[in-house]
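Let's walk through a protein model together, one question at a time. Have the coordinates open and follow along.

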Amino acid sequence: MEKTKTFPLRYSAYALSIAGLIVSLPVTLWLGYGYIFPALFAVLTAVGTYDLVQTRHTVSRNYPIMANLRYLFESIGPEIRQYFIQSDTEERPFSREQRAIVYQRAKNVLDKRPFGSQLHMYDEGFEWMNHSMTPTRITESDFRIVIGKSRAKPYSASVFNISAMSFGSLSANAILSLNTGARMGGFYHDTGEGSISRYHRQPGGDLVWEIGSGYFGCRNKDGSFNEEMFKENAALDQVKMIELKLSQGAKPGHGGILPGAKVTPEIAEARGVSVGEDCVSPPSHSAFSNPIEMLEFIDHLRALAGGKPVGFKLAIGHPWEWFGIVKAILETGIKPDFIVVDGGEGGTGAAPLEFINRLGMPMTEALLMVHNTLVATNLREDIAIGAAGKITSAFNIARTLALGADWCNAARGYMFALGCIQGLSCHTGRCPSGVATQDPRRGNKLDVRHKSVRVYNFHKNTLGALQNLLEAAGLRHPSELGPEHVIRRTSKTEVHSYLDLYPFLEPGALLTGEKTGLTVFDKYWPEARPNTFEPPQFIMKLRETKLR
């Protein structure tokens, strides 16, 4: 191919920089002015020269200097879209409207809107609650659910709590603010798998201690479970419940590692590891390997904790694994006091893009599967269900409870209450709001006195909004919410209540041996086994061939 004989315009910025340097330098020397222009052109010339000689970026070699503008705009693209392009109702991952309602309720300022809804009420997927001709009057919005009713130390939990976020992922001041707000409002604060830090303990708010596969706060040097350390932490009066984490919505089936360089003395103290050593969370637990062993471990934890409620958290994946756990409950009679369903839309934990977007069942389907399975095995009244997944408003809480949950947890909602601006830099350590960072120069700027009040306000005002919804619907407590109360548009001309839209199994339906009419139950429930997480034989055979 014949080379072009004209000067490429893509080099024009570089050429102009060189020309500017050649012209401005003698002019400046002659006139005796400052060197600002020669310095500017010299910097641009140096950048352009570097762009031409480097070999990593072809675009920079072809477009010296100008390519750097592309990289600049690309780096601030999320901010440009978030602040100038996206509409108030576009969720990426939370809309401006969703964030604004949290900010306003956290600041205890007016949260009303003028001139009607901005939502498209005739678009497929639009949801609403039906109201009653006979509204009720509720005197108290501090709605609660008792967990572990038959245990020695049952816990009366709020229907809206702080979901799992570890110290190490969040800054010290963020943890202090969350727990102080939880103490003020009488709701619980899940520790996350990073265990109980000094910042969780200092304010004195209720804690749910999450224990992951790394057994942080109750581990031996080799990473195995340590009974004595568990008993010591579980005996704390602040610790109201124990939550065994099987998986999380942000990255189900994925372990994690906190590099040794980030393991500070405070993190090491909380997790029971050595300062400066890599802190590893394996993908799976070492204390058990099948459903029966898992339940025996839960029962052991409950005994060590003196009768405090013990349950587990999971993101639903393979249905036969979940069904195997339920069959193990039926076979052994060992019942967890609660199950927290973490939806695949969870996101406080940094994770690979494929895990964030394409792995794990979303909360609605996961919650329905857990609720239906427990109802159809006559276990539902003995096991409470919590749920988490992009919950920021009273309607989010109401629809989740209507699908079968007893209470809700939120992580990012409470991060917004702390002042998170959705800067999408949680994984970099450069969080602009000082929430998701371990850089003390950033985290220490978060004022605990002010932010803890915002956490308290967000909880209080959100439950106040839930109270208003319940009153308008003619109800007296969130426990009365059912699938008949929430309506979804399925087309321009059709709407259905959750009761008609989603399948709900009858009590004991899975114990009769009869077909339910639902493929996931009819296909996998009979094949699930209580003594293994392994897939059924017909699944194993499918994995051996592409001839299906």
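What follows is a set of questions and answers on this chain.

This is a predicted model, in which local features need pLDDT of at least 70, side-chain atom pairs count only at pLDDT 80 or more, and totals for chains, interfaces and linings use all residues. Residues are numbered from 1 along each chain as its sequence is written, and side-chain values use heavy atoms, with hydrogens and water left out.

Q: How many helices and strands are there in the chain?
A: Helices (H or I, at least four residues) and strands (E, at least two) are taken as DSSP runs, numbered from the N terminus. Counted that way, the chain has 21 helices and 15 strands.

Q: What box do the C-alpha atoms of the chain fill?
A: The box is taken along the principal axes. Its dimensions are roughly 95 × 60 × 60 Å.

Q: What percentage of the residues of the chain count as buried?
A: Buried means under 20% relative accessible area, exposed over 50%, and partly exposed in between (1.4 Å probe, protein chains only). Of the 548 residues, the buried portion is 50%.

Q: What percentage of the contacts in the chain with a separation of 6 or more comes from residues 24 or more positions apart?
A: A contact here means heavy atoms within 4.5 Å. Among contacts with a separation of 6 or more, residues 24 or more positions apart account for 69%.

Q: How far apart do the centres of the positive and negative side chains lie?
A: Lys and Arg count as positive and Asp and Glu as negative, while His and the chain ends are not counted. Each charge is placed at NZ of Lys, CZ of Arg, CG of Asp or CD of Glu. With 59 positive and 54 negative side chains, the two centres are separated by 7 Å.

Q: What does helix α12 reach from its first C-alpha to its last?
A: Helix α12 covers residues 319-332, which is 14 residues. The expected span of a helix is 1.5 Å times one less than its number of residues, and for α12 that expectation is 20 Å. The modelled helix comes close to it, reaching 20 Å.

Q: How many of the residues of α12 are buried?
A: This helix is mostly covered. Its buried residues include P319, W320, W322 and F323, and G324, I325 and V326 are also among them. Out of 14 residues, the buried ones number ten.

Q: Which elements do the buried residues of α12 pack against?
A: The partners include two strands, β10 (310-314) and β11 (338-342). The helices α11 (291-304) and α14 (363-375) are partners as well. The list is completed by α20 (519-524) and α21 (537-542).

Q: Which residue with a positive phi follows α12?
A: The phi there is near 80 degrees. The residue is G333.

Q: Why is α14 largely enclosed by the rest of the structure?
A: The buried residues of α14 include M363, L367, L368 and M369, and they pack against α12, β11, β12 (384-388), α15 (394-402) and α20. The helix is largely enclosed because its buried residues number twelve of the 13.

Q: Which elements do the buried residues of α11 pack against?
A: The 14 residues of α11 should span 20 Å at 1.5 Å a residue, and its end C-alpha atoms are indeed 20 Å apart. Its buried residues include P291, I292, F297 and R302. They pack against α9, β7, β10 and α12.

Q: How many disulfides does the count come to?
A: A disulfide is a pair of cysteine sulfur atoms within 2.5 Å. C408 is in no disulfide, as the nearest cysteine sulfur, that of C420, is 20 Å away. C408 is also buried, at 0% relative accessibility. The disulfide count comes to zero.

Q: Is R105 buried or exposed?
A: R105 sits in helix α6 (residues 96-107). Leaving aside neighbours within four places in sequence, its contacts include D111, S393, N457 and F458. At 11% relative accessibility, R105 counts as buried.

Q: How far apart in space are Q238 and G205, C-alpha to C-alpha?
A: Q238 lies in the loop between α9 (227-234) and β7 (239-245), and counts as buried at 13% relative accessibility. Beyond neighbours within four places in sequence, Q238 is in contact with residues including H200, R201 and G205. Q238 and G205 are 33 residues apart in sequence, and their distance in space is 6.5 Å.

Q: Is E354 buried or exposed?
A: E354 is found in helix α13 (residues 353-358). Its C-alpha is 27 Å from that of I325, 29 residues away along the chain. With a relative accessible area of 55%, E354 is exposed.
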